[in-house]
Amino acid sequence: MNSAVESLAEFKPEAAAPAEAPQAKILLVDDEPKSLFALQELLSTLGQNLMIAQSGEEALRLALKNDFAVILLDVRMPGIDGFETARLIRNRERSRLTPIIFLTAAADEMTSMFRGYEVGAVDYLMKPVVPEVLKSKVSVFVELHRKSERLRESEDKLRRLAAHLISVREEERAHIAREIHDELGQVLTGLKMEVGWLAKRLKEKELIEKTDSMGKLIDSTVQTVRKIATGLRPEMLDDMGIIAAVGWQAKEFQKRTGIRCRAKLPPEVKLDIDVSTTMFRIFQEILTNIARQSRATRVDIELDVGEERIALDVSDNVVGIAEGDVTGKKSLGLLGMHERALLFGGEVKITGSPGQGTRVCVSIPVRNGKS
Ligand SMILES: Nc1ncnc2c1ncn2[C@@H]1O[C@H](COP(=O)(O)OP(=O)(O)O)[C@@H](O)[C@H]1O
Ligand SMILES: [Mg+2]
């Protein structure tokens, strides 16, 4: 089974029911064990997972491995102080947006506030903290954290659903293409032979002419059937591979649109069929856009297959995609391209220069030989 289908198998709608909300992690940082204990006592009623650190270093280590809903950070600590700890935490990708509440002693308040703003503090609390204020502030961040977790989960589900739909559609198309090609093809070939048989036995000129035109109709129907089947799923992709399929599609495109296509292609390689299909469908989408939007007079295509990745680079001339369209909400075709590539760990980069054209670069990791 192909891997897109495997990922489908993991998609279980019944698993979508929200489970008990998992505990959010809260980090308490203070060099004084007594203060830490007091904070723990205070926040224990929130029912969340409280983690503690007695130094900036320890806090940094914990922030490397955990996603905290909020970090309560004592400003005055020996070693790395609270500000420096916050700065280092914020410098890391994982904890870039983690909310931090500074705990400052009254005497330091003004300077603390100014320095705190520089490192992007979310809030301040003066020691000794007022229990209700602390609890309500922390609760807000816990709720926020939970909401963004839920958002991330639903994004993840939608992505898997999209993957599921793409792969189902691809399989269905391949199946219908084969049925049309094989079943209808066979019937038509049989019919053609029957008509031929009949023609040989006919004497009357008018009837012979009739069988002739029947034969021609059958031939053109065979052509149509082939065209439909190829449109659904090019045999070339399965039989010969991605390089041949891209070359063939480029030629067809040139024939159909009159836009000159130059394709630089490497020798054929054997790639995972799902990766080939993904690349091919993205290529088709790029060409459709060019035909519809670019007013191009030429298209340059370059396909490159390395040890690690297969890369496709397509540029057209003339219009040039607008910046707003690249990320636009209405650009569902482009979104589909991104999603398809993402499914295989790849990416699509689109750039446009107004009046000069659009360039689309696709790169997808290859899983050689697996098909
Ligand atoms: N090659 C191109 N040249 C110029 N504009 C483009 C090109 N490709 C896409 N666009 C712009 O980006 C928009 C979004 O593309 P897409 O998501 O494929 O949607 P659609 O093709 O259905 O309009 C298009 O409507 C068009 O304005
Ligand atoms: Mg489109």
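**View 1. What sits around ligand 1 in this predicted model.** The surroundings of ligand 1 in this predicted model comprise 14 residues, and those that come nearest are Asn-289, Ser-294, Asp-325, Ser-331 and Gly-333. Sorted by class, the shell has six polar, five nonpolar and three charged residues. Which helix gives the most to this shell? That would be α10, with five residues. Both α10 and α12 (332-343) supply at least two residues each.

**View 2. A look along α12 and just past its end.** Here's a quick sanity check on the helix geometry: α12 has 12 residues, and at 1.5 Å a residue these should span 16 Å. The end C-alpha atoms of α12 are 16 Å apart, so the model agrees with the expected span. Which residues of α12 are buried? They are Leu-334, Met-337, Arg-340, Ala-341 and Leu-343, so if you're scanning the list for a charged side chain, stop at Arg-340. After the helix comes Gly-345, with a positive phi near 75 degrees.

**View 3. The β9-β10 hairpin.** Strands β9 (residues 347-353) and β10 (residues 357-365) run antiparallel and are joined by seven bridges. To get your bearings, find Gly-352, which stands opposite Thr-358 in β10. Three residues lie between the two strands of this hairpin. In the turn, Gly-355 has a positive phi of about 80 degrees.

**View 4. The open five-stranded sheet.** Read across the sheet and the strand order is β2-β1-β3-β4-β5, with parallel pairing. Which strands stand at the edges? They are β2 (49-53) and β5; each has a single partner strand, so one side of each is left without a neighbour in the sheet. From one strand to the next, the twist averages 20 degrees. Inside the sheet, β3 (residues 68-74) and β4 (residues 100-105) run parallel and are joined by four bridges. One residue to pick out here is Ile-71, whose bridge partner in β4 is Ile-100. If you're following side chains along a strand, remember that in a regular strand they alternate between the two faces of the sheet.

**View 5. α6 across the sheet, and the cis proline ahead of it.** Helix α6 (131-201) lies across β1 (25-29), β3, β4 and β5. Against β3, α6 runs at about 145 degrees. Now go to the loop between β5 (123-127) and α6, which is where Pro-128 has its place. The peptide bond joining Lys-127 and Pro-128 is cis, with omega about -5 degrees.

**View 6. Two loop residues with positive phi.** Some background for this one: most residues other than glycine have a negative phi, and most peptide bonds are trans. Arg-295 is not a glycine, yet its phi is positive, at about 50 degrees. You'll find Arg-295 in the loop between α10 (273-294) and β7 (298-305). Is Arg-295 buried or exposed, or something in between? It has 13 C-beta neighbours inside 10 Å, so Arg-295 counts as partly exposed. Val-318 also isn't a glycine, and its phi is positive too, at about 85 degrees. The loop that holds Val-318 runs between β8 (309-316) and α11 (323-326). Val-318 has 16 C-beta neighbours inside 10 Å, and therefore counts as partly exposed. The cut-offs here are 12 or fewer for exposed and 20 or more for buried, so both counts fall in between.

Conventions. Residues are numbered from 1 along each chain as its sequence is written. Chains are lettered from A and ligands numbered from 1 in the order in which they are written. This is a predicted model: local features need pLDDT of at least 70, side-chain atom pairs count only at pLDDT 80 or more; totals for chains, interfaces and linings use all residues. Two strands pair if DSSP finds at least two bridges between them. A residue is near a molecule or strand if its C-beta atom, placed from the backbone, lies within 6 Å of it. The expected span of a helix is 1.5 Å times one less than its number of residues. Axes are lines fitted to C-alpha atoms, for helices over the stretch in contact, and angles run from 0 to 180 degrees between N-to-C directions. Two residues are in contact if their C-beta atoms, placed from the backbone, lie within 7 Å.
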